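Work through the exercises below with the structure open. Each task is followed by a solution in steps.

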Amino acid sequence: MSVSVFASGRSQPEPSVLLNNVVSKLDREAAVDAEGSALFAALIEKEYGTREDELKLGSGQQLGWGDMAALAYIQYSTGKSFAEMIKEGARRDFWAYADNAGLNCGKMAQLLGDFLKRAERERNTRIFDRLRASRRVHPMPDLGNGFGLFQESLDFRHIDVPQPTKIHDVPGDLAKGGQ
């Protein structure tokens, strides 16, 4: 793994490594859920305007969803079809291909990372929607404004302290204005 070193002495992976990591994370994210393929297809169509026939071509070429998202981004920016890009060797090195096409590769890695976050949020939303739909939640009756006072009285009823909780050891009157 290649690493670049900043003036502060910290090291950070090269952007090409970051791009490859994002592509592999997208592949894993699509494999996590049974509906991952449908979710990614819908998100890629919505985000990059990729046509369904392009996605079918990618599936037929055994492309992972990370590869298809990267190709969709390049297609969105350059207008080339998946078939053209595959023929030109874009899959071997997205970084070099995008750089040769005149794209900002750092921005591409960042936008694909944002796409990954969007896919994760969408997957989690679908999971929670399924959980909510599978459970019956009965609505509580509206108890009105007095409910808070009723609840407080129930809470105070459970306090079983027979002695005072605070004793003042100050001699003299404690009344206001008195000494």
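Two residues are in contact when heavy atoms lie within 4.5 Å. With that cut-off, Q75 touches T50, E54, K80, S81, F82 and M85, leaving out residues up to four places away in sequence. The model is predicted.

**Exercise 1. State the mean pLDDT of the protein chain, and find how many contacts the stretch 1-10 has beyond near neighbours in sequence.**

Step 1. The mean pLDDT of the protein chain is 75. Of its residues, 67% reach 70 or more.
Step 2. Go to residues 1-10. Here the pLDDT is below 50. Beyond near neighbours in sequence, the stretch has 17 contacts in the model.

**Exercise 2. List the secondary structure of the protein chain and give its buried share.**

Step 1. Count the elements: 8 helices and 2 strands.
Step 2. Read them from the N terminus: β-β-α-α-α-α-α-α-α-α.
Step 3. Check burial. Of the 179 residues, 27% count as buried.
Step 4. Look at contact range. Take contacts between residues at least 6 apart in sequence; 58% of them join residues at least 24 apart.

**Exercise 3. Sort residues of helix α3 into buried and exposed, and explain why the buried ones share a side.**

Step 1. Helix α3 spans residues 52-60, and E54, L55 and G58 are buried in it.
Step 2. Those three cover an arc of only 100° around the axis, so they sit on the same side of α3.
Step 3. Recall the helix rule. An α-helix has 3.6 residues a turn, so residues three or four places apart point the same way.
Step 4. Turn to the other side of α3. K56 and G60 are exposed there.
Step 5. Find the cover. The buried residues of α3 are covered by elements including α2 (36-48), α4 (65-78) and α5 (82-87).
Step 6. Move past the helix. Q62 follows α3 and has a positive phi, near 60°.

**Exercise 4. Decide whether α2 and α4 are roughly parallel or roughly antiparallel, and describe their contact.**

Step 1. Take the geometry. α2 and α4 pack at an angle of about 10°, and their axes are 10 Å apart.
Step 2. Apply the cut-off: angles under 35 degrees count as roughly parallel. Therefore α2 is roughly parallel to α4.
Step 3. Name the residues. From α2 come S37, F40, A41, I44 and Y48; from α4 come W65, M68, A69, A72, Y73 and Y76.
Step 4. Class them. The contact has 10 nonpolar residues, 1 polar residue and no charged residues.

**Exercise 5. Place A98, L111 and Q75 in their helices, and classify each as buried or partly exposed.**

Step 1. A98 lies in helix α6 (residues 94-100). Its relative accessible area is 0%, so A98 is buried.
Step 2. Beyond four places in sequence, A98 touches I74, L103, C105 and M108. A98 and A70 are 28 residues apart along the chain, and their C-alpha atoms are separated by 9.5 Å.
Step 3. L111 belongs to helix α7 (residues 105-134). At a relative accessible area of 31%, L111 is partly exposed.
Step 4. Outside its neighbours within four places in sequence, L111 is in contact with Y48 and Y73. From L111 to A70 is 41 residues in sequence and 9.8 Å in space, C-alpha to C-alpha.
Step 5. Q75 is in helix α4. Its relative accessible area of 12% makes Q75 buried.

Methods. Residues are numbered from 1 along each chain as its sequence is written. This is a predicted model: local features need pLDDT of at least 70, side-chain atom pairs count only at pLDDT 80 or more; totals for chains, interfaces and linings use all residues. Side-chain values use heavy atoms; hydrogens and water are left out. pLDDT is the predictor's confidence in each residue, from 0 to 100. Buried means under 20% relative accessible area, exposed over 50%, partly exposed in between (1.4 Å probe, protein chains only). Helices (H or I, at least four residues) and strands (E, at least two) are DSSP runs, numbered from the N terminus. The arc is that of the directions from the helix axis to the C-beta atoms. Axes are lines fitted to C-alpha atoms, for helices over the stretch in contact, and angles run from 0 to 180 degrees between N-to-C directions. Angles under 35 degrees count as roughly parallel, over 145 as roughly antiparallel, 65 to 115 as roughly perpendicular and the rest as oblique. Ala, Val, Leu, Ile, Met, Phe, Trp, Tyr, Cys and Pro count as nonpolar, Asp, Glu, Lys and Arg as charged, and the others, Gly among them, as polar.
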